[in-house]
Amino acid sequence: MARYFAIRIGRAMITIALVVTFAFVVLRLSGDPALIIMGPEAPPEVIAAFRKAWGLDDPLWMQYFDYFGAIAKGELGRSMRDGRPAIALVLERIPATLALTIPALLLKLAIGIPGGIFAALHRGSLIDRAVMIGAVAGFTVPSFVLGLVLVLIFAVQLGWLPSGGQETWRHAILPIVTLGIGGAAVLARFTRSAMLEVLGQPYIRTASAKGVSWRAVVLAHALPNAAIPTVTIIGFMVGTLIAGAVVVESVFSWPGVGRLLVVAVANRDLAVVQCILLLVAATMVTSNLIVDFLYGFLDPRLRNREAAGAH
Amino acid sequence: MQPLVSLDGLTVAFNGVKVLDGISLSVGRGEAVGLVGESGSGKSVTWLAALGLLPKTAAVSGSVKLEGTEILGASPSTMDRVRGGRVAMIFQDPASALNPVLTIRRQVGESLALHRGLSGAAIHAEARRLLDLVGIPDAERRLSAYPHEFSGGQNQRIMIAMALAGNPDLLIADEPTTALDATIQAQILELIRRVRRETGMAIVLISHDLGVVAENCDRVAVMYAGRVVEEAPSAELFDDPRHPYAHGLIGSLPPIDGPRRRLTAIAGTVPDPKAMPQGCAFAPRCVHAAALCGTKPPRLRAVGENRRVACVIDQPVRATDIIGQAAE
Amino acid sequence: MTAPLLSVDRLVRTYRMRAGMFGRPREVCAVDGVTLKIDRGETLGLVGESGSGKSTTGRLVLGLENPDAGSVAFNGRRLPAMDTTEWRASRARMQMIFQDPLGALDRRLPIAAQVREPLDIHAVGDEALRTARVEELMRSVRLSDDVGQRYPHELSGGQRQRAVLARALATKPDFLVCDEPVSALDVSIQAQVVNLLIDLQAELDLTMLFISHDLRVVRQISQRVAVMYLGRVVELGSADDLFVSPQHPYTRALVSASPTPGARRGERIVLSGDPPNPAAKPAGCAFHPRCPSAFARCRTEAPALVEVAPDRSVACHLTGPESHATVALGAVA
């Protein structure tokens, strides 16, 4: 068991390191932070001083090792714009993001899963087709288009809801809905196919043949099996809790981590970007680990292969 | 005496295509009836339809009576009580017929709760007794195990235990041993025989294996392309089959001893349900076919005391006709 | 006395597997010292249940896997090592057909192209010759001409199996291994394919190894039969006699489990216990945990395959050379 997790955690570490390395290289190769932050009119000495102060003159590999060395000590760098520790900047924005992503996740679960199950149970019917078409629409429409359309309808035309900012709870409604719809659509499709797959299995027929009512067959026999693949997708969605709202936050001017990331990349504010990516990678990887663990809980066949039958 | 279950004119169609065409069959109390046929014969569909286990897209008509009461088209709650409680069904490939994420105790207990009204500790005790009955060693511990922890033969025993949990009057066994090794098959059939002796339960044994059916059933019905073509007591059927298809089928079994003879190979293939021939479904492949055979499907008529044959030809087809008849 | 076409001597094949993610590696001995010979023009039937090692033996005999010990000699010479040029050339002399014809055929190619493929691979003759040969093959397996243009999924199970057979016979092999070729087919179609195999064997002087769990089909098509259990041959004899008067307790149980409509021969024998697990082979005679006649010696010493009558060998302490028990033909345990 310990070995199982050790391997997984090792792989997780490698994943995180790869993500951060990628960001590291791309950011540095794609623009000069000094120029961008100081502005194009700044005199060359200022720019040079900036570069020196932030170690941007050092060779790439040296910057790389310095960075990882710093991480090992727990220092994640400072923002080049205001000098504050990157981690502090990020942490103070997390609550705002979570205020969107957590309700959005709940919305996805509340709409997507029942929708998918319902469509599967009534396969081929009008309802099923409507749900499926709705789902395709939901995840093909880009979130910024969806967001803007919703703003157009509810903020501009009807005037019911505000179009941006973070002042009241009403401001959160449109962003949450925008975020939730795409995910709900994906979840609905996925849950539907997982359910259909399970409903076609021989053991469902056995349960019916035993005289189990259809309702009990769906709830007690089908759902626990359909949950297994569905949990994968949900795990993925949980992994995007921190940075999954980049576009939506930008559209709605919501001061969260996503917005910070956009601004930081534009400014080549290296430490901040790297810090956010590190956090995102860590969240994703942790959530995957939890999903792996959950599998063992949900699927007895994975628990202890030693005990698997005679052949 | 009223039969336990009687099917009359049972017809099933999927999207307008008939797969079962007027099946009439009855099973008496405690009787063992065999149902033989190859793929496309409709032998499984017959009982799935009778128990209301076909999907909603299936159009089922005719009559299915359980001790005189019509159950075809009955309400879902009525059917839920019949299934498992009066008529139980076990299937092929036991490994996939059991829910992989539920314990054995949960699955057997479900039947016990539904049909015998047991709960709590009583379920545990009775489930244990059933597992012992079907020969699962170390039953107490195995109750909390999952299906993947058992072998194929053991899984089939568990299915039988589940079927017995509701004290059914009739067990429909749909190819129960086809996916199992020969010696395990013998064990399972022996178990079924023992259970029948002890409880007087009736059984319908569906199989493509003529030998298995011959050994374990009192009466056998042969199906072809959605119809019953011959029905007779087991010994009589295998000694002296009347219908040309039954005859061909029995002749295609290689003998295990005695002189080797060329196997009867029925020419052609089973007709596609979408393009069923007019008249007798077997006529295109039948060596005895006459003009009359192509006009309308022959009805099952009584031949002798307890036999029925769906063929217009009167003279019996003799065993001696088999030799040299291997048309390709 | 001509030498046998195929001679197998103390063949052993062991697989190393790991149970689960962190189980200890286990050794599964699939074939445990099998010695057989097949004469030219003869069919040897190989019977057994799952875990008996019969399919592995079939693959070893063709050289599709390398044995861990023992040898296979074809036409007096050892089989060449796998993936050598010699080995590839030997494929033209020995072929195999399997249980699932749909899986054995390429779904993207029409039948005629697949039957022709071996001719192309081994560069047999020229274009015209190959086309003629394909036609000849299709006729010999009794497939009509138009079938050649169709795709595998458009054919019935029986037709597919014939197509596989036609392809296997393309290079006029001397030796054919059939691994459960009719098990997935309906009974009446089985009869067609079995008749075909018997006819082809006579026409082409084919030597065959026919692997199956179906005793009746094996008896129909084989001259001699070997019964395998957990990697070992437990009984070997002529097809006519072996199923009529089986000597080994396992063979008896097998025959009993394979009923023929009509009178029952002998008593009904039902084995107790679980099916054998090759990964956990019992000590001594592999069959002893389930054997109704097991005694002390069976638990410790594995019996050797010994000739107990002309053309009959049995691996059992009850019938071995030191045993005084006379097991008369037809007697029942």
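Helices here are DSSP runs of H or I with at least four residues, strands are runs of E with at least two, and both are numbered from the N terminus. This is a predicted model, in which local features need pLDDT of at least 70, side-chain atom pairs count only at pLDDT 80 or more, and totals for chains, interfaces and linings use all residues. Residues are numbered from 1 along each chain as its sequence is written, while chains are lettered from A and ligands numbered from 1 in the order in which they are written.

**Stop 1: chain B, residues 182-199**

Select helix 8 of chain B, which has 18 residues. From first C-alpha to last it reaches 26 Å, close to the 26 Å expected at 1.5 Å a residue (that expectation is 1.5 Å times one less than the number of residues). Step just past its end and you meet B:Gly200, where phi is positive, near 70°.

Now colour by burial: a residue is buried with 20 or more other C-beta atoms within 10 Å of its own, exposed with 12 or fewer, and partly exposed in between, the C-beta atoms being placed from the backbone. The buried residues of this helix include B:Ala182, B:Ile184, B:Ile188, B:Leu191 and B:Ile192. What do the buried residues of helix 8 of chain B pack against? Within chain B, show helix 7 (152-165), strand 7 (170-174), strand 8 (202-207) and helix 9 (210-216); then add helix 10 (249-256) of chain C.

**Stop 2: chain C, where it touches chain B**

Contacts on this tour are pairs of residues whose backbone-placed C-beta atoms lie within 7 Å. Chain C puts 33 residues into its contact with chain B, and chain B puts in 37. On the chain C side, helix 7 (187-204), helix 8 (215-221) and helix 10 each supply at least two residues. Helix 7 of chain C gives the most, with seven. By class, that side has 15 nonpolar, 12 polar and six charged residues; Ala, Val, Leu, Ile, Met, Phe, Trp, Tyr, Cys and Pro count as nonpolar, Asp, Glu, Lys and Arg as charged, and the others, Gly among them, as polar.

While you are in chain C, pick C:Glu154, in the loop between helix 5 (127-140) and helix 6 (157-168). Is C:Glu154 buried or exposed? It counts as exposed because it has 12 C-beta neighbours inside 10 Å. Measure across to C:Arg107, 47 residues away in sequence, and the C-alpha atoms are 9.8 Å apart.

**Stop 3: chain A**

Isolate chain A and you will find 14 helices and zero strands. Its C-alpha atoms fill a box of roughly 85 × 60 × 30 Å along the principal axes, and 35% of its 311 residues count as buried. Of its contacts with a separation of 6 or more, 73% join residues 24 or more positions apart.

Highlight helix 6 (residues 126-140) and helix 8 (residues 170-199) of chain A, whose axes come within 8 Å and cross at roughly 135°. Helix 6 and helix 8 of chain A are therefore oblique to each other (angles under 35 degrees are roughly parallel, over 145 roughly antiparallel, 65 to 115 roughly perpendicular, and the rest oblique). Among the contact residues to show are A:Val131 and A:Phe139 of helix 6 and A:Ile181 and A:Arg189 of helix 8. This contact has eight nonpolar, two polar and one charged residues.

Finally, bring in helix 5 (residues 86-121) of chain A: its axis comes within 6 Å of that of helix 8 of chain A, crossing at roughly 35°. Their contact divides into 21 nonpolar, seven polar and three charged residues.

Definitions and conventions: Two residues are in contact if their C-beta atoms, placed from the backbone, lie within 7 Å. Axes are lines fitted to C-alpha atoms, for helices over the stretch in contact, and angles run from 0 to 180 degrees between N-to-C directions.
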